[in-house]
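Visitor: Could you walk me through this one? I would like to start with the fold and then move to the ligand and the backbone.

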Amino acid sequence: MTSIVLKRVSKKFGTTSVISDLSLAIDPGEFTVFLGPSGCGKSTLLRMIAGLEDVTSGEIEIEGQRIDRAPPGERGVAMVFQNYALYPHMSVRENLSFGLKNIGMPKAQIDERVQAAARMLEMDALLERRPSQLSGGQRQRVAIGRAIVKEPRAFLFDEPLSNLDAALRSRTRVELSRLHQRMKATMIFVTHDQVEAMTMATRIVVMNQGRVEQVGTPLGIYRRPATRFVAGFIGSPA
Ligand code: ADP
Ligand code: MG
């Protein structure tokens with residue numbers, strides 16, 4: 001299981017500071033939620049870990065190894081996006097296989113990984129369908145499956161539930177928590193939704209304006225918010 005450490009990470013777009021001198025240790029196997037209002041820098045932080053944005057300054061380590069200058073493909077993390085980003089002309093099986101084919105993995109190994117991911121996500125019966133023949137929730141599972149087949153060191157989720165309706169969102173919350181328990185993987189999940197954070201996280205990082213306000217367990221943060229901002233945002237008395 002994988003630890004991720006951020007050391008004094010900053011990010012500017014032009015002259016606008018979006019992440020300011022942020023330090024954070026993410027422990028192996030935790031389901032860490034970055035929680036904060038829209039625009040506070042959650043996606044930017046996640047994208048810097050994934051290598052989709054450069055850090056302006058500071059360092060990022062995965063399993064003790066500095067990776068903030070490494071190409072995204074060499075970091076061993078897999079990101080799941082809000083909009084799924086599935087290939088519409090490919091079957092579910094092909095969507096799951098595509099990334100592995102591209103890195104030249106032997107077919108037998110690809111098939112094995114696709115089967116394992118399909119079993120884990122209970123979508124064996126969907127493998128020959130196209131994305132257009134799937135529900136929103138099923139598409140979301142394919143997007144997660146595409147991360148699982150990479151066997152990454154850590155999973156990064158950027159608001160993956162925000163396109164789902166309320167019932168499906170709550171079901172998927174439960175599924176993701178179960179998946180985390182089964183895989184015992186390090187997962188970071190970004191959301192502005194307090195309920196998502198409270199129900200799924202083993203650890204919450206409350207963010208505000210590019211800074212960390214508080215890190216703690218859901219219950220710890222709820223009972224003892226460290227700042228007025230956290231109290232207001234979580235909705236418990238300060
Ligand atoms: P969140 O995910 O918490 O909603 P973001 O990380 O997307 O926040 O954005 C944080 C801030 O950085 C916002 O003010 C946003 O407008 C700005 N921002 C994000 N990406 C870019 C970019 N590529 N260029 C300029 N500003 C950006
Ligand atoms: Mg975002």
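Guide: What follows is a short tour of a predicted model, taken topic by topic.

Visitor: Okay, the sheet near the start: what order do the strands come in?

Guide: The open sheet of four strands has the order E2-E1-E4-E5, and the pairing is antiparallel. Strand E2 (16–26) and strand E5 (65–66) are the edge strands, each of which pairs on one side only.

Visitor: And how many bridges hold E1 and E4 together?

Guide: Strand E1, residues 4–13, and strand E4, residues 57–62, are joined in the antiparallel sense over five bridges; within that pairing, Leu6 has Ile60 of E4 as its bridge partner.

Visitor: Which strands does H1 touch?

Guide: Helix H1, residues 42–50, packs on the sheet and touches E1, E2 and E4, with a direction that makes about 120° with that of E1.

Visitor: Switching to the ligand, what surrounds ligand 1?

Guide: The surrounding residues are Phe13, Val18, Gly36, Ser38, Gly39, Cys40, Gly41, Lys42, Ser43 and Thr44. Helix H1 supplies the largest share of that shell, with three residues.

Visitor: How do those shell residues divide by polarity?

Guide: Around ligand 1 the shell divides into three nonpolar residues, six polar ones and one charged one.

Visitor: Does anything come from a record here, I mean, what does UniProt place at residues 4–234?

Guide: An unreviewed UniProt entry places the feature "domain: ABC transporter" at residues 4–234. In the model, that span is 37% helix and 26% strand, and its end C-alpha atoms lie 25 Å apart.

Visitor: Now the backbone: which residue takes a positive phi in the hairpin of E9 and E10?

Guide: That is Gln209, with a positive phi near 50° in a hairpin that has two residues between the strands. Strand E9 (residues 203–208) and strand E10 (residues 211–216) pair in the antiparallel sense over five bridges, and Asn208 stands opposite Arg211 in E10.

Visitor: Why point out a positive phi at all?

Guide: Because most residues other than glycine have a negative phi. Glu63, which is not a glycine, also has a positive phi, of about 45°, and Glu63 lies in the loop between E4 and E5.

Visitor: Why is Glu63 called partly exposed?

Guide: Glu63 is partly exposed because 15 other C-beta atoms lie within 10 Å, and the partly exposed class falls between 12 or fewer for exposed and 20 or more for buried.

Visitor: And Gln209, buried, exposed or in between?

Guide: Gln209 is partly exposed, with 15 other C-beta atoms within 10 Å, and Gln209 sits in the loop between E9 and E10.

How values were computed. Residues numbered from 1 in each chain as written. Chains lettered and ligands numbered in written order. Predicted model: local features only at pLDDT ≥ 70, side-chain atom pairs only at ≥ 80, totals over all residues. Pairing = 2+ DSSP bridges. Contact = placed C-beta atoms within 7 Å. Axes fitted to C-alpha atoms, helices over the stretch in contact; angles between N-to-C directions. UniProt positions renumbered as here; feature names shortened; annotations may be inferred. Near = placed C-beta within 6 Å. Nonpolar A, V, L, I, M, F, W, Y, C, P; charged D, E, K, R; others polar.
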